[in-house]
Amino acid sequence: ISLEISSDVAKYLTQNIAAKQLGARPLRREIIKCIENPLAEFILKNGDKSKNISVFVKDSKILITACKE
């Protein structure tokens, strides 16, 4: 599996953390909520069709899609 994450995703994640003074823990929770869990669901639903995956921000939402090879 190939995973491409756009630089806009990092900006989105850091801007949406409420408690920045708490360090990396809130960022880690945001990554789990916005990327890891949806990515796992995407792979389970799409199976073999999800060899190349792209994660990006569109309309203030993180989206996950399969890329064409």
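Strands in these legends are DSSP runs of E covering at least two residues, helices are runs of H or I covering at least four, and both are numbered from the N terminus. The model shown in every view is a predicted one.

**View 1. The largest nonpolar core brings together eleven residues.** The members of this core are Val9, Tyr12, Leu13, Cys34, Ile35, Leu39, Phe42, Ile53, Val55, Ile62 and Ile64. Two or more of these residues are given by each of helix H1 (7-15), helix H2 (24-46), strand S2 (52-58) and strand S3 (61-66), and the largest share, four residues, is that of H2. As a general background to such a view, nonpolar side chains in soluble globular proteins tend to be buried together. One member of the core, Tyr12, touches Cys34, Val57, Ser60, Lys61 and Ile62, when residues up to four places away in sequence are not counted.

**View 2. Helix H2 has a kink of about 40 degrees, centred on isoleucine 32.** At 1.5 Å a residue, the 23 residues of H2 should span 33 Å, and this agrees with the 31 Å that separate its end C-alpha atoms. Which residues of H2 are buried? They are Pro26, Glu30, Cys34, Ile35, Leu39 and Phe42, and the elements against which the buried residues of H2 pack are S1, H1, S2 and S3. In an α-helix there are 3.6 residues a turn, so residues three or four places apart point the same way. After H2 comes glycine 47, which has a positive phi near 50 degrees.

**View 3. Serine 54 lies in strand S2.** Is serine 54 buried or exposed? Its relative accessible area is 11%, and because buried means under 20%, serine 54 counts as buried. Apart from residues up to four places away in sequence, which are not counted, serine 54 touches Glu4, Leu63, Ile64, Thr65 and Cys67.

**View 4. The loop between S2 and S3 holds aspartate 59 and serine 60.** Aspartate 59 has a positive phi of about 55 degrees although it is not a glycine, and serine 60, which is not a glycine either, has a positive phi of about 60 degrees. Aspartate 59 has a relative accessible area of 68% and is therefore exposed, while serine 60, with a relative accessible area of 58%, is likewise exposed. Serine 60 also appears among the residues touched by tyrosine 12.

**View 5. Isoleucine 1 is found in the segment before strand S1 (2-5).** With a relative accessibility of 71%, isoleucine 1 counts as exposed. Leaving aside neighbours within four places in sequence, isoleucine 1 is in contact with Ile43, Ser50, Lys51 and Ile53. For one of these partners, serine 50, the C-alpha to C-alpha distance from isoleucine 1 is 7.3 Å, although the two are 49 residues apart in sequence.

**View 6. Lysine 11 lies in helix H1.** Its relative accessibility of 49% is why lysine 11 counts as partly exposed, since the class of exposed residues begins over 50%. How many residues separate lysine 11 and valine 57 in sequence? They are 46 residues apart in sequence, and their C-alpha atoms are 9.5 Å apart in space.

Technical notes. Residues numbered from 1 in each chain as written. Predicted model: local features only at pLDDT ≥ 70, side-chain atom pairs only at ≥ 80, totals over all residues. Heavy atoms only, no water. Core = buried A, V, L, I, M, F, W, Y, C linked by side-chain atoms within 4.5 Å. Buried < 20%, exposed > 50% of the residue type's maximum accessible area, 1.4 Å probe, protein only. Contact = heavy atoms within 4.5 Å. Expected span 1.5 Å × (residues − 1). Bend = angle between axes of the 7 residues up to and from the residue.
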